[in-house]
Each structure stands twice: as C-alpha cells, then as structure tokens.
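Student: I should like to examine one part of this protein closely, namely a sheet and the helices that pack on it. Please describe how that part is put together.

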Amino acid sequence: MTGWRIGMAVGNADMIKALFQIKANLDSAPERAILVAVELKGRDEMWTLEDTLGELRHLTESAGAEVVGTLFQKSERLTPTYIGKGKLDELRDLIKELSADVVVFDDELTPTQQRNLEAGLSPKGAPMYGERGEIKVIDRTALILDVFGRHASTYEGKLQVELAQHEYLLPRLAGQWSHLERLGGGIGTRGPGETQIETDRRLVRRRLQKIKSDLDGVRRRRTQHMDRRKKSAIPMATLVGYTNAGKSTMFNALVQTGNSGDASLAANQLFSTLDPVTRRIRLPSGAPLLLSDTVGFIQKLSPKVITAFRATLEELDRADVLLHVIDVSHPKAPEQTEVVEQTLDELGLGDRPRLLVINKMDLLTDSATSGGELAQVRELSLGAGWEKDAADGVLVSAEKGWNLDHLLSEIENQLVNIDGPLLMTEEYAGGWR
C-alpha cells in the first residue's frame, strides 16, 4: 500500500515522489490493516454497513495489505476524529492487540480529521511519519488512488493518477511538518514549519500545473484521433459499469466474436482496466463498430478523482451508445447499477442511449448452455428481482460466450434506431486505423 506519509529527513525535491511510492520490498510481510466505518443514523443508504466494509476489504486487499480486523460505529454525525472518543480508545486497543500498522477509513477524511487521527493513534513519543511504530491513516479516496496507481500502465493513465494524488495531497500538507512543533516548542520552531508548508504547497502547485499541461496535450491528440474516427462515420459503443462487473472480459469476448485483434486485461480484481482501450469489430450485418473499454465506477468515488480522469471518460462522451455491464450474480447488483447511473448523470451522460448488458448469467445456473437454455436463466433473473432489466436488457455470459451474437445484433439495432442503416462498404470500413 502506498506510503502517504514520510519522515522529516526527506528533502523537498523528493517529498512528492516519496509520498506516493509503493513499498518496493516484495519479500516483506504485507501491512496489517484495520477497517473502520461509520453508519449515520437516519440516512437512507443503499448500502448496509456490512456491504461497504466488504467492498473496503476488497479494495484494501487489492492494495496489497492484509485485513486483520474491523471496527464500526452507528452515529448521528461524524466527529473531528471520524469516530467517537470511546471508539477511538477501542481502536487504539485493537491496533495494539492485532499489531496493526495501517487503519483504513471507509469515507474520505477531511484534512483536520486525518491530522487528529494521526496524532491520536500514533504511539506516544514516536515520530508521526516514516519510522517503525507509526500508525498510517488511509481513507477511502487514498486507497482507491493507491489501487489506481498499481494499474496505471500508459503515460496518460499515470498522469491522471498523479493529478488525482496531488489534488488529494494539497489540502493535507499542513500536517506534514507538524513534527517541527515537537522539536522544542516556542521560539524558532513555528517559523520554519510554516515556511516549509508554503514551500511544499508551491512544489505541489507547480507539479499540478505541469501535469495539467501534459494532460492537455494528451487530450488534444486524443481529440484529433477522435475527429478522425468521426470523419470515418464508424459508430462507437463504450462499455461502462461497476468495477469488477466483467467489462474487460466482455470486451475481449466481443472482440473475439467480432473477429478483431488484441484483447484487454481481464482479471478478478478491482480497477483492472484503468486506461481506455478501443478496437474495431464487425457487427452481424458486416458494418464496423468501434468498441471501447474504460475504467469502472465505484460507490463513494470522490468528484476530484472523477475530474482527474476526464481524459479517459471522454471516451464515454464520444460514444453513440453506452453498454452498461451488470454483474447479475452480485448480491448488490441493483445498488451497483444505481451508482453507475448516478455517475453517468453527474458526467452529463444521463440521456445518452444505452443498452443494459446483464452479465455472468452462468453463475446463476449450471445447466444453461450456449445452445439455448437462456429461458431458464431469464427466469432466474426475474426471480432475483430483475423484472424490468431482464425485459429491457440482454442476458449474456462473457466468460462462457453465451448470447454474444444476440448482443451484437441488439447493439446494431440501437445504432440503426439512432442514425439509420449502417454502411458496410470496404472503403467505409477502412476509414479509421
């Protein structure tokens, strides 16, 4: 898991890099993490405390840590230390009992909450940053950014992760040099601390300007590329969905069915696809289609993170139709669907034509086959509370290759309804490379 805090000995020039550098010693034991969540009373939440802690566990394990304990509280409001005083004492005891070295909180902490927790959980007399014995405080946003950082492979992806990390870091810099106040107190300590904070903020702002400038260049090149696609008049469909819903597996299956080229990374982990991937495939009529795979969504995703990934999400804005992939086998599938729809609304894509792709139907029955037992699968989806979605969407299994030809036909029908009959001449098909 990324080290979000560093020791006082690290110099200015190296501080920003060290803050987000993943531990390099692969032979060392994984960090031992305790998960903490608060359920606010009276708030109508789609997710139970057990649901959100389960997802937080998956995120934490994706970041390379071992979950050794959990702590939760039901409260009227969040406190300056996120949890109440009694729970904070209980957390200290749990950290000692389980020999934990990192605490992961289920919400994005305010800078004040983070500073208070770091001060309250670190052993008395121990340096707060960079030494053995420190208690690392991580919130949900920092955790997601850590997972993003592990999966970013392209120049654009790495830039977007770094932008989100620095946007997250900037308001939290005040705590980085609070250790100076403990060096002796009084005269001669406050000034250097404040000076260092301003220096670090200036470094972060300067780096932010550089990243944004580089991303603008990426966007210009992407816009030129997309303009070439638009001139070719080849329609585009983009896969969207909750993280780990099977989008990349769906992408690979459709690419193979549509007789195209390279596949995308598909793995049973959160955010396995961070960088957008586009391939040209053929629809049943022979007309070409550009199929794109993008990063998945998740609940409690910070607006700053969404903004930082604007370049990637532009693939959604250029799509003629969105293919909303749903993991029907997941117990929180309706809630995950709602999160994706809300995020699309926030991105201004609520009115974009979309096709619901109900995936992983093979996990609901062992008897369905590609030969046509899908009627039984449809009945199972109805029994699971998917009446409307099963009627409007397409039931498929990307893993087993079930019903993918029908999905391609439905995509083509959607495109015909939007723009009329599709062209399929060789000149048309070869208009984009």
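Tutor: The description below starts with the whole chain, turns to the sheet, and ends with one residue of an edge strand.

This is a predicted model, in which local features need pLDDT of at least 70 and side-chain atom pairs count only at pLDDT 80 or more, while totals for chains, interfaces and linings use all residues. Residues are numbered from 1 along each chain as its sequence is written, and side-chain values use heavy atoms, with hydrogens and water left out.

The protein chain holds 15 helices and 10 strands; these are DSSP runs numbered from the N terminus, helices being H or I with at least four residues and strands E with at least two. Of its 433 residues, 53% are buried, a term for under 20% relative accessible area, with exposed meaning over 50% and partly exposed in between (1.4 Å probe, protein chains only).

The sheet in question is open and consists of 4 strands in the order β2-β1-β3-β4, with parallel pairing; two strands pair if DSSP finds at least two bridges between them. Strands β2 (66-75) and β4 (136-139) stand at the edges with a single partner strand each, so one side of each has no neighbour in the sheet. On average, neighbouring strands of this sheet are turned by 20° against each other, direction ignored. Axes are lines fitted to C-alpha atoms, for helices over the stretch in contact, and angles run from 0 to 180 degrees between N-to-C directions.

At the β4 edge, 4 bridges connect β4 to the parallel strand β3 (residues 102-105). Val103 has Val137 of β4 as its bridge partner.

Two helices accompany these strands. Helix α3 (residues 85-98) packs on the sheet, where it touches β1 (32-40), β2 and β3, and its direction makes about 170° with that of β2; contact means heavy atoms within 4.5 Å. Helix α5 (residues 140-151) lies across β3 and β4 and runs at about 85° to β4.

Strand β4 also contains Lys136. Lys136 is buried, with a relative accessible area of 10%. Its side chain makes a polar contact with the side chain of Glu31 at 2.6 Å. A polar contact is a pair of N or O atoms within 3.5 Å; within protein, one must be able to donate a hydrogen and the other to accept it, and residues adjacent in sequence count only if both atoms are side-chain atoms.
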